[in-house]
Amino acid sequence: MQANDSIIVINAGSSSIKFSMFSGPALDLTLRGKIENLYSGVAHFSAQDAGGSTVGERDWRDGPLNHEGGMRFLVDFAQTHLDGHRVVAVGHRIVHGGVAYSGPQRLDAAVVDALEKLVPLAPLHLPHNLAPVRSVLAMAPQVPQIGCFDTAFHVGQPEQAQAFALPARITDLGVRRYGFHGLSYEYIASVLPQADAHLAQAKVVAAHLGNGASMCAMRAGRSVASTMGFTAVDGLPMGTRCGALDPGVVLYLMQELGMDVAAVQKLMYQESGLLGVSGISSDMRTLEQSGDPRAKAAIALMVYRIGRELGSLAAALGGLDALVFSGGIGENSVSLRAAVCLDAAWLGVRLAPTANAAPARGVRRISTADSKVAVWVVPANEELMIARHALELVEAA
């Protein structure tokens with residue numbers, strides 16, 4: 001990869017498209033931005049250079065903007081802001097790779113068609129992940145596209161960590177625990193040894209806490225167990241997702257309350273979690289600023305469930321050397337980190353309040369020197385992991 005070569009990373013959600021441009025052999029971040037409010041209201045685009053200065057901004061007030069229109073605009077924008085850079089690949093975050101895709105994959109129409117069949121496993125994410133891929137295939141077919149899967153990092157988990165207690169005829173159809181947020185955990189595993197060499201072989205539980213939330217047990221940088229399973233609705237309560245739910249509840253909703261599949265899916269994915277419990281908001285910042293008892297109850301439930309899962313994952317590891325917070329909530333909520341660490345005192349966690357309350361600034365330790373379990377904050381950087389994988393595949397080709 002030459003100094004003027006660049007990789008563009010696309011992270012598409014249900015109502016947004018985030019992009020980043022990494023340049024040169026060191027993959028320096030040179031441009032980043034996002035389009036928000038797709039499909040509803042006024043879509044807004046903003047972009048910043050490496051120094052954080054705004055280099056582009058636009059609103060769409062003449063009707064809703066979809067993924068295809070957003071990607072068409074981003075391709076045009078990138079072409080006018082390359083400043084001599086050549087795009088050698090486009091990398092995409094794709095939530096689910098199923099059984100077939102356990103590592104970065106060159107994307108073409110046939111692969112996208114195969115991935116479409118996995119949409120029932122990630123109905124809120126996968127269609128939006130794949131929409132930009134199809135757009136680039138149509139607009140710039142000569143540019144290599146690389147798919148990086150959130151499930152891939154967990155492929156090496158022990159067999160029993162991936163299995164449900166179901167008949168083989170069901171398991172053989174691919175009904176198993178996949179785990180998600182793998183790109184975030186892979187990045188955490190890559191930077192922890194740089195912060196402390198002792199963590200290279202450590203037993204670590206990482207918590208990626210945001211609108212989507214999960215936890216992962218890692219031994220020597222490899223996934224051992226995770227809280228998310230067959231779909232990204234399992235595990236912890238999230239912004240609008242319920243997390244782990246007794247299957248009998250689903251049967252009750254359908255049999256006794258007469259809810260159909262679509263209604264149950266909407267309830268579990270869009271109406272539950274922090275939003276459902278509080279009845280106020282899915283945003284942790286809003287809940288922390290609220291005096292409403294329901295807001296406090298929602299936060300308390302999330303803290304409790306994090307503590308429950310932490311104990312479970314520590315058991316899967318046979319001990320615990322470090323706890324890592326990442327994601328929007330994990331990186332920014334001082335009070336949530338404090339509450340989780342207080343509950344984890346039985347594991348030997350001792351938080352340093354001053355370090356925990358300090359302004360966010362990169363990878364940092366927030367536990368005391370005598371804490372038996374080191375506590376770290378690692379800002380999420382899934383985009384850089386995607387760029388690294390894309391570079392490896394392009395250079396290998």
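How exposed is A220? With a relative accessible area of 31%, A220 comes out as partly exposed (buried means under 20% relative accessible area, exposed over 50%, and partly exposed in between, using a 1.4 Å probe and protein chains only). The residue sits in the loop between β10 (213-219) and β11, and it has a positive phi of about 55° although it is not a glycine.

A word on the ground rules. This is a predicted model, in which local features need pLDDT of at least 70 and side-chain atom pairs count only at pLDDT 80 or more, while totals for chains, interfaces and linings use all residues. Residues are numbered from 1 along each chain as its sequence is written, and side-chain values use heavy atoms, with hydrogens and water left out. Helices (H or I, at least four residues) and strands (E, at least two) are DSSP runs, numbered from the N terminus.

Next come the hairpins. Strands β3 (28-36) and β4 (43-49) pair in the antiparallel sense over six bridges (two strands pair if DSSP finds at least two bridges between them). K34 has S46 in β4 as its bridge partner. The two strands make a hairpin with six residues between them. In the turn sits N37, with a positive phi of about 65°, and this residue is something other than glycine. N37 is partly exposed, at a relative accessible area of 39%. Strand β4 also pairs with β5 (residues 54-60), again through six bridges and running antiparallel. Here H44 stands opposite D59 in β5. This hairpin has four residues between its strands, and G52 in the turn has a positive phi of about 90°.

Then there is a sheet with six strands. Strands of a sheet pair through backbone hydrogen bonds, either parallel or antiparallel. This one is open, has mixed pairing, and runs in the order β11-β10-β9-β12-β14-β13. Its edges are β11 (222-226) and β13 (364-365), each with a single partner strand, so one side of each is left without a neighbour in the sheet. Helix α13 (residues 334-343) packs on the sheet and touches β9, β12, β13 and β14 (374-377), where contact means heavy atoms within 4.5 Å. The direction of α13 makes about 155° with that of β12. Within the sheet, β9 (residues 203-209) and β12 (residues 322-326) run parallel and are joined by five bridges. A206 stands opposite V324 in β12.

What does α13 pack against besides the sheet? Helix α11 (residues 293-317) packs with α13 at an angle of about 45°, with their axes 9 Å apart. Axes here are lines fitted to C-alpha atoms, for helices over the stretch in contact, and angles run from 0 to 180 degrees between N-to-C directions. The two helices are therefore oblique to each other (angles under 35 degrees count as roughly parallel, over 145 as roughly antiparallel, 65 to 115 as roughly perpendicular and the rest as oblique). Their crossing is right-handed; the near helix is then turned clockwise from the far one by less than a right angle, and anticlockwise would make it left-handed. On the α11 side, the contact is made by M302, V303 and I306, and on the α13 side by L336, A339, V340 and D343. By class, that is six nonpolar, no polar and one charged residues. In this scheme Ala, Val, Leu, Ile, Met, Phe, Trp, Tyr, Cys and Pro count as nonpolar, Asp, Glu, Lys and Arg as charged, and the others, Gly among them, as polar.

A second helix pair is α2 (residues 109-116) with α3 (residues 126-139), whose axes come within 11 Å and cross at roughly 165°. These two are therefore roughly antiparallel, and α2 passes α3 in a left-handed crossing. The contact takes in A109, V112, D113, L115 and E116 of α2, and L126, L130, V133, R134 and L137 of α3. By class, it has seven nonpolar, no polar and three charged residues.

Finally, two loop residues are tucked away. L236, in the loop between β11 and α7 (247-255), is buried at 0% relative accessibility. Leaving aside neighbours within four places in sequence, its contacts include L209, M215, C242 and I306. S272 lies in the loop between α8 (261-270) and α9 (273-278) and is buried too, at 13%. With the same neighbours left aside, S272 is in contact with G239, T240, R241, C242 and L267.
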